[in-house]
Amino acid sequence: MISYWEKAHFLAYEHIVVGAGIVGLSVAIELKHRYPNCSVLVLERGVLPTGASTRNAGFACMGSVTELLADLETMTETEVTALFAMRKQGLELLRSRLGDNTIDYAEYGSHEIITDNALHCLDKIPYINALLAPHTGNKPAFSIATHKIPDTGFNPQYAKALIANNCEGQLNSGKMMRALQHLASSKGVDILTGADVTSIQEEDGYVAVSVFDNTRQDSVIFTAKKLSICTNAFTKKLLPNEDI
């Protein structure tokens with residue numbers, strides 16, 4: 001049974017964010033930045049974030065040549081450049097919030113291996129660079145770096161060319177997530193781990209978020225005026241009827 005004090009002080013929020021990965025914590029931090037006096041709760045189903053935020057190689061990416069060309073097959077030039085710009089701005093915001101030293105950020109660039117079936121992409125590099133120029137300044141986003149293949153150890157029978165992604169960098173994902181947690185907490189965001197959201201119900205004027213409590217062997221219902229679902233690949237579980 002939920003006590004009076006729990007109902008009064010632990011269950012009702014103005015904003016609830018589901019997912020404590022990089023997106024969820026960033027959303028919570030942004031909410032407190034825009035609305036300092038609002039109450040924000042982050043619910044994370046794992047003891048640690050269970051998605052890709054702490055299980056990646058630490059690439060600070062904005063899209064490779066082959067990815068951008070693939071996007072252009074289904075999106076307009078304006079949409080693709082806007083997506084690139086959004087990724088770049090997001091990275092810059094993350095760096096400004098946490099600090100490069102805190103997350104071990106270094107803009108060393110990255111490289112994309114080009115195989116036989118993607119060699120045609122090399123001819124598209126000037127076009128892509130011109131498309132992205134408004135967002136990269138004087139630095140070309142991409143350049144051919146095939147001469148580096150012998151130094152990489154890649155099999156030249158497989159790696160036919162190498163493209164340098166000049167605007168990208170690297171960071172320490174673990175340090176980044178710790179810094180995001182500390183920043184969110186310092187702004188007054190409540191973070192609950194081990195809180196597996198089982199269902200979401202829209203009511204008149206609020207959203208009811210059900211979390212199963214293993215200790216009580218019962219569901220605990222949190223409420224919020226607004227809900228942000230930041231669970232990436234797991235979102236379909238919470239919104240089964242949406243086309244995601």
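Good morning. I begin with histidine 15, which lies in strand S1, residues 12-18, of what is a predicted model. Histidine 15 counts as buried because its relative accessibility is 12%, under the 20% cut-off. Leaving aside its neighbours within four places in sequence, histidine 15 is in contact with Leu31, Tyr35, Cys38, Ser39, Val40, Leu41, Ala224 and Lys226.

One of those partners, Leu31, takes us to helix H2. Leu31 is among the buried residues of H2, together with Gly24, Leu25, Ser26, Ala28, Ile29 and Lys32. The cover over these buried residues includes S1, S2, H4, H8 and S8. As to its geometry, H2 has 13 residues, which at 1.5 Å a residue should span 18 Å; the end C-alpha atoms are 18 Å apart, so the two values agree.

Let me now step back to the protein as a whole. Its secondary structure comes to nine helices and 11 strands. The C-alpha atoms fill a box of roughly 70 × 40 × 35 Å along the principal axes. Of the 244 residues, 39% are buried. The exposed surface is about 14,200 Å², and carbon and sulfur atoms supply 52% of it. There are 21 positive and 27 negative charges, and the mean positions of the two sets are 5 Å apart. Finally, if we take contacts between residues at least 6 apart in sequence, 69% of them join residues at least 24 apart.

Strand S8 offers two examples of pairings across long stretches of sequence. Aspartate 190 lies in this strand. Aspartate 190 and valine 40 are 150 residues apart in sequence, but their C-alpha atoms are 6.3 Å apart in space. Beyond four places in sequence, aspartate 190 is in contact with Tyr13, Val40, Leu41 and Val42. Its relative accessible area is 34%, and therefore aspartate 190 is partly exposed.

Threonine 193 is also found in S8, which covers residues 190-193. Threonine 193 is separated from leucine 48 by 145 residues in sequence and by 7.1 Å in space, C-alpha to C-alpha. Not counting residues up to four places away, threonine 193 touches Glu44, Gly46 and Val47. With a relative accessibility of 45%, threonine 193 counts as partly exposed.

I turn next to the interior. In soluble globular proteins, nonpolar side chains tend to be buried together. Here the largest nonpolar core has 44 residues, and Leu98, Phe142, Leu171, Met176 and Leu180 touch the most other members. At least two residues of this core come from each of H2, strand S2 (40-44), H3, H4, H6, strand S6 (161-165) and H8. H8 gives the most, with six residues. Methionine 176 shows how such a member is placed: apart from neighbours within four places in sequence, methionine 176 is in contact with Ile22, Ser53, Leu94, Leu98, Ile103 and Leu171. Apart from this core lies another, of 16 residues, among them Leu11, Leu43, Val207 and Ala224.

Leu94 and Leu98 both belong to the buried residues of helix H4, as do Val80, Thr81, Phe84, Ala85 and Leu91. What do the buried residues of H4 pack against? They pack against helix H2 (22-34), strand S3 (59-60), helix H3 (65-71), helix H5 (100-103), helix H6 (125-136) and helix H8 (173-186). H4 runs over residues 77-98, and its 22 residues should span 32 Å at 1.5 Å a residue; the end C-alpha atoms are 32 Å apart, so expectation and model agree. Just after H4, glycine 99 takes a positive phi of about 90 degrees.

That brings me to backbone angles. Most residues other than glycine have a negative phi. Which residues in the loops depart from this? Aspartate 104, although not a glycine, has a positive phi of about 55 degrees. Aspartate 104 lies in the loop between H5 and strand S4 (110-114), and its 33% relative accessibility is why it counts as partly exposed. Asparagine 232, likewise not a glycine, has a positive phi of about 50 degrees. Asparagine 232 sits in the loop between strand S11 (218-229) and helix H9 (235-238). At 68% relative accessibility, asparagine 232 counts as exposed.

Thank you for your attention.

How values were computed:
Residues numbered from 1 in each chain as written. Predicted model: local features only at pLDDT ≥ 70, side-chain atom pairs only at ≥ 80, totals over all residues. Heavy atoms only, no water. Helix = DSSP H or I, 4+ residues; strand = E, 2+ residues; numbered from the N terminus. Expected span 1.5 Å × (residues − 1). Buried < 20%, exposed > 50% of the residue type's maximum accessible area, 1.4 Å probe, protein only. Contact = heavy atoms within 4.5 Å. Core = buried A, V, L, I, M, F, W, Y, C linked by side-chain atoms within 4.5 Å. Areas by Shrake-Rupley, 256 points an atom, 1.4 Å probe, with all protein chains shown as cover. Lys, Arg positive; Asp, Glu negative; His and termini not counted. Charge placed at Lys NZ, Arg CZ, Asp CG, Glu CD.
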